[in-house]
Amino acid sequence: MLVDLKIKNYALIEKLELQPSPLLNIITGETGAGKSIMLGAIGLLLGNRADSKLLFNQDEKCVIEGSFNISEYKLEPFFEEEDLDFEPVSILRREISPSGKSRAFVNDTPVTLETIRKIGEQLMDIHSQHDTLLLGDPAYQLNILDLYAQNEDLRNDYGSAYRNYRKLEREFKDLEAQLAQSEKELDYNTYLLNELAEANLVADEQESHEVELKQLEHAEEIKLKLTQALQYLSESEFNASIALKDASHLLGQVTEYGENFQTLKERLDSCLIELVDISGELEDAERKTEADPQRAEQLQERLDLIYTLQRKHQVKTIEEILTIQADLETKVGSVHNLDAAISKTRKALEEALAEVEARAQALSQSRTGVFDTFQNELHTLLFELGMPNARVVVEHKTSAPSPTGIDVVNILFSANKGAAPQTLSKAASGGEFSRLMLCVKYLLADKTALPTIIFDEIDTGISGEIAVKVGRMMQQMSHKHQLICISHLPQMAAQGDTHYFVYKEDRADRTISRIRQLTHEERVKEIAQMISGANPSENAFQSAKELLAISAAS
């Protein structure tokens, strides 16, 4: 229930505050005074898109804030799901800066427009002329019937099953497309894979082969240089080993004269040991170094194969080729795996379709089960609103499963005796449309949990006693739901528990829109003016008092 509404710096509204009654609130005022502007501001609060051009003062931000008593509406799970703090009286706020930037808050926590829209849908229902036009839309009609039949759980169950079915259907089509593409590429990928498998590449073989081939190609030069090095180190008459031994012997003769000489001798002995070790390795390397044309040819052929494969696959290392090989193995193997996946998904898809059809039948049975009572209750309400010959018929067909089920409905209407029911766009006038929509809202009021309903001139096209009956119907609705009704009819205005008056105030620089709650005396005057104009007669005042008295007694 809306407890408090504040609008600041929006269109013609400089500042406005409203604390509506929990029952039926009537808002009246001359055309253009700002009633629709209020609805626009409320729409922003509920998540509609903003336009900075609508700011009253282009240098200040616009703020719309609504306080809602939601203590009895069991919205705690929703707040928890959205990670918001739940408050029994929660505050929704929307801010639009002069630059056009929009921000939304719930209990001072920043939220997205989608979040505030979700919350708003559970707090308020704004009925306007647009909704009346929507009544002719089959999808809107189907939603009405679901609300009337209280099909929320059935529809959610069906929706979940249908989304799962469509997900599997997309997966199945994707798998089939993958299989078709894979089969086109299978022969070429198999050829590439076989070529790499036959090559039997090893990760680090290229580097070792290149080093070995280089040594074989320069074997004679290497062998000569190694032999010469051995001569200098250990094989010539005055080789390095003999020189180091002699030097070590000489140092040994002076070690007794100081520790430093002993240290130098030890270091020299270490060099001699290392030199002997190096000489041994050089000798071993020299012995093994031999020209081997056959081995060199084998290595060259192997490296040529590696280089060819690298150029073919546009890579520089064997590791990259091995990665390509693994990818090819996956692609070739996936063709066989795809067959199994397609078979598995086809079975799951068939099961999902069966689930969709079963849930669709349950939903359809619930819908068709309320057709008669829905039609009969509408007949009764329309009779009370001065349409004794009105007929409402729900035309029903079935179709393939869709997001809303297998039902296609069309509400047909006839206002006149003997006239065959037709689609609403052909059969109903503006006033008849409004009365029919009001009856629909009246039926749904007991079926939905919306705490606040706003009617924007739903009394269009009616007058006299019918208007009184419409007002009484709204009074009855207000015992379960807070109602806010914008009206131009005195009969409607008299039915309100609270009456607000919207008016324009001309300042030196501009016109602004204001609203105030009327006292009983002011209500009498306002209703009298609605009856006979700006200067109401005594009879108009008397009629206004009678309308208020009738309303109070009903």
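**Exercise 1. Aromatic cluster and aromatic pairs**

Identify which aromatic cluster Phe78 belongs to, and then determine how the rings of Tyr148 and Phe374 are arranged.

*Solution.* Step 1: Phe78, Phe79 and Phe86 form one aromatic cluster, where rings of Phe, Tyr and Trp (for Trp, its six-membered ring) are paired if their centres lie within 6.5 Å, and a pair is called stacked with planes under 30 degrees apart, edge-to-face with planes over 60 degrees apart, and tilted otherwise. The model is predicted, and therefore local features require a pLDDT of at least 70 and side-chain atom pairs count only at pLDDT 80 or more, whereas totals for chains, interfaces and linings use all residues. Residues are numbered from 1 along each chain as its sequence is written, and side-chain values use heavy atoms, with hydrogens and water left out.

Step 2: The structure holds 5 aromatic pairs. In the pair of Tyr148 and Phe374, the ring centres are 5.2 Å apart and the planes stand at 70°, so the pair is edge-to-face. Because Tyr148 lies in helix H5 (residues 138–149) and Phe374 in helix H13, the pair ties together parts that are 226 residues apart in sequence. Helices (H or I, at least four residues) and strands (E, at least two) are DSSP runs numbered from the N terminus.

Step 3: Accessibility is classed as buried under 20% relative accessible area, exposed over 50%, and partly exposed in between, with a 1.4 Å probe and protein chains only. Tyr148, at 5% relative accessibility, counts as buried, and Phe374, at 0%, counts as buried too. Phe501 and Tyr503 form a stacked aromatic pair, with 5.9 Å from centre to centre and 10° between the planes; Phe501 counts as buried at 16% relative accessibility, whereas Tyr503 counts as partly exposed at 21%.

**Exercise 2. The sheet that contains Tyr503**

Work out in which order the 6 strands of the open sheet lie, and find the bridge partner of Tyr503 in S15.

*Solution.* Step 1: Two strands are taken as paired if DSSP finds at least two bridges between them. The order of the 6 strands is S8-S12-S13-S3-S14-S15, with mixed pairing. Strand S8 (124–127) and strand S15 (511–517) are the edge strands, each of which pairs on one side only. On average, and with direction ignored, neighbouring strands of this sheet are turned by 15° against each other.

Step 2: Strand S14 (residues 498–506) pairs with S15 in the antiparallel sense over 7 bridges, and the bridge partner of Tyr503 in S15 is Arg514. Helix H1 (residues 35–45) packs on the sheet, with S14 and S15 among the strands it touches, and its direction makes about 130° with that of S3. Such contacts join heavy atoms within 4.5 Å, and the angles, which run from 0 to 180 degrees between N-to-C directions, refer to axes fitted to C-alpha atoms, for helices over the stretch in contact.

**Exercise 3. The surroundings of strand S4**

Determine how many of the 8 residues of S4 are buried, and which residue of S5 stands opposite Glu65.

*Solution.* Step 1: In strand S4 (residues 62–69), 7 of the 8 residues are buried, so the strand is largely enclosed by the rest of the structure.

Step 2: Strand S1 (residues 2–10) pairs with S4 in the antiparallel sense over 6 bridges, and Leu2 has Phe68 in S4 as its bridge partner. S4 is also joined to strand S5 (residues 89–96) by 8 bridges, again antiparallel, with Arg93 in S5 standing opposite Glu65.

**Exercise 4. Helix H7 and its buried face**

Establish which residues of H7 are buried, and against which helices they pack.

*Solution.* Step 1: Helix H7 (residues 205–217) has 13 residues and reaches 18 Å from first to last C-alpha, close to the 18 Å expected at 1.5 Å a residue, the expected span being 1.5 Å times one less than the number of residues.

Step 2: The buried residues of H7 are Glu205, Gln206, His209, Leu213 and Leu216. Seen down the axis of H7, these residues fall within an arc of 95°, so they line one face of the helix; the arc is that of the directions from the helix axis to the C-beta atoms.

Step 3: The partners against which the buried residues of H7 pack are helix H8 (219–235), helix H11 (293–313) and helix H12 (318–369).
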